[in-house]
Amino acid sequence: MKSAAVVNYAPEKGSVEVREIETPTIGSEDVLLEVANVGVCGSDLHQWTADHSWPVNYPVVLGHEFGGRIVEIGKDVEGWKVGDRVVSETAAIISPNNPMTKRGLYNLDPTRKGFGYGVNGAMTKYVRVPSRILHHVPDQLPFEQACLTEPCCVAYSAVVKNARIEPGDRVVVLGPGTIGILCAAMARLCGAQVAIVGLPQDAHRLEIAKQYGCEVIIGDAKPWATARDGLGCDGVIDAAGASITLKIALDIVRPAGWISKVGWGPQPLGFNLDPLVQKNITLQGSFSHNWPIWERVIALLSSGQFDVKPIIGGVWPVTEWHEAFEKMHKGEVVKSVLRPV
Ligand SMILES: [Zn+2]
């Protein structure tokens, strides 16, 4: 049987189209998932516009933020059954013997390959998923929201695991993309006072951040950061896609404060890092997520403590991927969601 899939077929800009693909055959430790919804990620857009910085295994079906129902089970799979509602992590291929995998940090296994660039992703009807990265989704959590577990896990990792927030801390988030807004919302959940910083063209996305109780700053964040005692904010989450924002972070954070950097930027730095030393700042990178983070985030989404509804800008059939990508690319919506046809 064939299904429509959003395929990134070549490294040139714009090399994405809908193709009919065969239903994948599964291995003994896999399940076949019937996709219900799949989120469009900034990285899908980057592969489309060809300004990504990771190797892609062309042609590949895009999409790594997804959930659905199990429709087939490999012969060695235990603990799952046909009909189960699930979401899947992104680490489709890992080496079980890598030392990072053995510590449970398989997300940091350098040989890992993910959905949507290394193996076929979920912007189609059926996707093959190893059972080791599945998580149950409770009935009360709709797939349109559950499919966004992945970016929420990125935020949880950056804000909870790779930063330290105490209630009442003042935290600045740089960058109002999906990850920036989710990080801001997660920092609110941790009890911080949060300001999110963007540019004039980010006004719509910043408005959505207000729904999470965040203050919004267009331009200079220094006055907000220093408002309490003149020394700077307690922490900065750098979720912007440009290296230069690290300079802003170093400038506005207080002595002995922290910076959690989750945004990527291929440009070289071109500025002095002495303030990092002089102010005794902790600079922490944050990448991806692992099994316990997924379980926790699903619990937060299911209980309603963490709500992704404000960021969902619409749901499009995969055949209308172009409009969904375009709206996100232009910043008209924070997050586009697709459904298979
Ligand atoms: Zn993503």
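By "partly exposed" I mean a relative accessible area between the buried limit, under 20%, and the exposed limit, over 50%. I put that down before anything else because Ala-50, at 29% relative accessibility, counts as partly exposed. I also remind myself that this is a predicted model.

**Entry 1: Ala-50 and its loop**

I went to Ala-50 for its backbone. Its phi is near 60 degrees, a positive value in a residue other than glycine. I found Ala-50 in the loop between H1 and E4. Pro-59 lies in that loop too, the one between helix H1 (42–49) and E4. I checked the peptide bond that joins Tyr-58 and Pro-59, and it is cis, with omega at about -15 degrees.

**Entry 2: the zinc ion**

Which protein atoms are the donors of the zinc ion? I noted Cys-41 (SG), His-64 (NE2) and Glu-65 (OE), lying 2.1 to 2.4 Å from the ion. Along the chain, the donors follow the spacing C-x22-H-E.

I then asked myself whether His-64 is buried or exposed. His-64 counts as buried because its relative accessibility is 9%, which is under the 20% limit. Glu-65 is buried as well, with a relative accessible area of 1%.

**Entry 3: the sheet with E1**

Next I traced an open sheet. It is formed by 3 strands in the order E2-E1-E4, and the pairing is antiparallel. Which strands stand at the edges? They are E2 and strand E4 (60–61); each has a single partner strand, so one side of each is left without a neighbour in the sheet.

I looked at one pairing up close. Strand E1 (residues 2–8) and E4 run antiparallel and are joined by 2 bridges. Val-7 is a handy place to look, since it stands opposite Val-61 in E4. A reminder to myself: strands of a sheet pair through backbone hydrogen bonds, either parallel or antiparallel.

**Entry 4: E9 and E10**

For a parallel case I turned to strand E9 (residues 170–174), which pairs with E10 in the parallel sense over 5 bridges. Here I picked out Leu-174, which stands opposite Val-197 in E10. I also checked how covered strand E10 (residues 193–198) is, and 5 of its 6 residues are buried.

**Entry 5: the second largest pocket**

I looked up the second largest pocket and wrote down a space of about 440 Å³. How many residues line the pocket? There are 23, and those nearest its centre are Asp-30, Ala-92, Ile-93, Arg-128 and Pro-130. Two elements give two or more residues to the lining: strand E2 (16–22) and strand E7 (126–130). E7 makes the largest share, with 4 residues. E2 is also an edge strand of the open sheet from Entry 3.

I sorted the lining by character as well. The lining residues divide into 11 nonpolar, 7 polar and 5 charged.

**Entry 6: cysteines**

How many disulfides does the structure hold? I found 0. Cys-183 is in no disulfide, and the nearest cysteine sulfur, that of Cys-152, is 9.9 Å away. For a pair to count, the two sulfur atoms would have to be within 2.5 Å.

Why is Cys-214 without a bond? The closest cysteine sulfur, in Cys-183, is 11 Å from the sulfur of Cys-214, too far for a bond. I checked accessibility for both residues: Cys-183 is buried at a relative accessible area of 0%, and Cys-214 is buried at 6%.

**Entry 7: two more loop residues**

Where is Gly-116? I placed it in the loop between helix H2 (99–102) and E7. At 3% relative accessibility, Gly-116 counts as buried. I also took the C-alpha to C-alpha distance from Gly-116 to Thr-90: the two are 8.9 Å apart in space and 26 residues apart in sequence.

Last on my list was Ser-288, in the loop between strand E14 (282–285) and helix H10 (291–303). Its phi is near 60 degrees, again a positive value in a residue other than glycine. Is Ser-288 buried or exposed? It is buried, with a relative accessible area of 8%, whereas Ala-50 from Entry 1 counts as partly exposed.

Notes
Residues numbered from 1 in each chain as written. Predicted model: local features only at pLDDT ≥ 70, side-chain atom pairs only at ≥ 80, totals over all residues. Heavy atoms only, no water. Buried < 20%, exposed > 50% of the residue type's maximum accessible area, 1.4 Å probe, protein only. 1 Å grid on protein atoms, 1.4 Å probe; cavity = no way out; pocket = protein on both sides within 12 Å on 5 of 7 lines; lining within 4 Å. Points joined across faces, edges and corners; volume = space filled by probe spheres on them. Nonpolar A, V, L, I, M, F, W, Y, C, P; charged D, E, K, R; others polar. Donors = N, O, S within 2.8 Å, 3.2 Å for Na, K, Ca; no water. Pairing = 2+ DSSP bridges.
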